[in-house]
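I opened the model today to look up a few helix contacts, charged pairs and odd backbone angles. Here are my notes, entry by entry.

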Amino acid sequence: MKLTEGEKIRVLTRSTDNINAYQKWAKGRAHFLRFNLDDNAIAKELLQGAIDLDPGFSSAYVDLAWTHIMDIHLGISKSPKESLKQASELAQKAVNADKYSPFAQSLLGVILTIKRQYQEAIAQGEKAVALSPSYSLGQAQLGRTLMYAGRFDEALSWLEKAIRLDPIPKNWFLTCVGVCYLHTGKIEQAVDEFKKVLNRNPKDLTALIRLVAAYSLLGKSEDAKAAASEVLKLNPKFSIATIAKRWPYKNKADRDFEMDALRKAGLPE
């Protein structure tokens, strides 16, 4: 497990030897991974600062790209098209800085997923995994792509591999596992996964929104409404229509399954 964790750090930081850039990147990444509006804004400033200090720092470009993707995912981007353009440009800079980085190659797969180019995204994810088979983030990203493509059992298999490789899995790994459970009828298990995330970070909107859907599907209306209230505290402008457009599900039925559950819980259209 120590070797695996070392592999992950090596992959993420091999493109800089600037300690100040590294520190800004590490702080920015920590804020980004909290998955809420305020931390995402802080992350952008820190990650741009890391790039200013070291314009060849591939991983800083990757995480800055991710902050723009998160704007889309959280439904707060004023122009999803422009946010995706910025993310794509940053991804290309990351690859230019280190073409062998599975971190950068995985990001290209995520962008292809958002563009609804699922086969290309899966192929890109497989390329990233091949570059570094012990790199947990690459395996989890491939799982996430398969999740949005509607291949939930395959997605879960990759996510479980990522979690076995990572002694402290990222919160979004667990959220994606919960989504797979949600769509395969294991609703109680989905709730458990979302709660694990929220116990670590109560402001994680991606897990909280899915918890609303899970409670709603279980018929736990009071719990669903309480969770929905927390969503609106964290994002007063939340709307179902916005995330329905921006969560890149291949199959309309998969998207509607979650959106209908959110409507039942009383979240605004």
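Is the crossing of α3 and α4 left-handed or right-handed? I looked this up before anything else, keeping in mind that I'm working from a predicted model. The crossing of these two helices turns out to be left-handed.

**Entry: α3 against α4**

I pulled up the axes of α3 and α4, which come within 9 Å and cross at roughly 155 degrees. Anything over 145 degrees counts as roughly antiparallel, so α3 and α4 get that label. Next I listed who makes the contact. From α3 I have N40, A43, K44, L47, Q48, A50 and I51, and from α4 I have A60, Y61, D63, L64, T67, H68, M70 and D71. I sorted the residues of this contact by class and got eight nonpolar, four polar and three charged.

**Entry: the K44 to D71 pair**

Two names on that list, K44 and D71, also form a salt bridge through their side chains, at 2.5 Å from N to O. K44 sits in α3 (residues 37-53) and D71 in α4 (residues 58-73), so I noted the pair as a link between distant parts of the chain, 27 residues apart. Is D71 buried or exposed? I found D71 at 9% relative accessibility, which makes it buried. K44 comes out at 24%, so I wrote it down as partly exposed; the cut-off for buried is under 20%.

**Entry: H68**

I stayed in α4 to check H68. Its relative accessibility is 10%, so this histidine counts as buried. Which residues does H68 contact, once neighbours within four places in sequence are left aside? My list reads K44, S83, Q86, A87 and L90. K44 is thus a contact of H68 as well as the salt-bridge partner of D71.

**Entry: L37 and the stretch before it**

Back in α3, I looked at L37. This leucine is partly exposed, with a relative accessible area of 24%. Not counting residues up to four places away in sequence, L37 touches L74, I76, L205, L234 and N235. I also checked L37 against R200: they are 163 residues apart along the chain, and their C-alpha atoms are separated by 17 Å.

F35 is in the loop between α2 (19-32) and α3. I flagged F35 for its phi, near 55 degrees, a positive value in a residue other than glycine. I noted it because most residues other than glycine have a negative phi. F35 is buried, at 5% relative accessible area.

In this part of the chain I also found a salt bridge between the side chains of D39 and R34, at 3.1 Å from N to O. How accessible are the two partners, D39 and R34? D39 is buried at 11% relative accessibility, while R34 is partly exposed at 35%.

**Entry: α6 against α7**

I moved on to α6 (residues 102-114) and α7 (residues 118-131), whose axes come within 8 Å and cross at roughly 170 degrees. Those two helices are therefore roughly antiparallel to each other. On the α6 side I wrote down P102, Q105, S106, L108, G109, L112 and T113; on the α7 side, Y118, E120, A121, Q124, K127, A128 and L131. By class, the residues of this contact split into seven nonpolar, five polar and two charged.

Then I checked R116, which is found in the loop between α6 and α7. R116 has a phi near 65 degrees, again a positive value in a residue other than glycine. Its relative accessible area is 34%, so I have R116 as partly exposed.

**Entry: salt-bridge tally**

How many salt bridges does the count come to? I got eleven. Besides the pairs above, I looked at E154 with R151, where the closest N and O atoms are 2.9 Å apart. E154 is partly exposed at 37% relative accessibility, and R151 is partly exposed at 29%. Last thing I wrote down: D260, R263 and E269 are joined into one network by salt bridges that share partners.

Definitions and conventions: Residues are numbered from 1 along each chain as its sequence is written. This is a predicted model: local features need pLDDT of at least 70, side-chain atom pairs count only at pLDDT 80 or more; totals for chains, interfaces and linings use all residues. Side-chain values use heavy atoms; hydrogens and water are left out. Axes are lines fitted to C-alpha atoms, for helices over the stretch in contact, and angles run from 0 to 180 degrees between N-to-C directions. Helices (H or I, at least four residues) and strands (E, at least two) are DSSP runs, numbered from the N terminus. Angles under 35 degrees count as roughly parallel, over 145 as roughly antiparallel, 65 to 115 as roughly perpendicular and the rest as oblique. Contact means heavy atoms within 4.5 Å. Ala, Val, Leu, Ile, Met, Phe, Trp, Tyr, Cys and Pro count as nonpolar, Asp, Glu, Lys and Arg as charged, and the others, Gly among them, as polar. A salt bridge is a side-chain nitrogen of Lys or Arg within 4 Å of a carboxyl oxygen of Asp or Glu. Buried means under 20% relative accessible area, exposed over 50%, partly exposed in between (1.4 Å probe, protein chains only). A crossing is left-handed if the near helix is turned anticlockwise from the far one by less than a right angle, and right-handed if clockwise.
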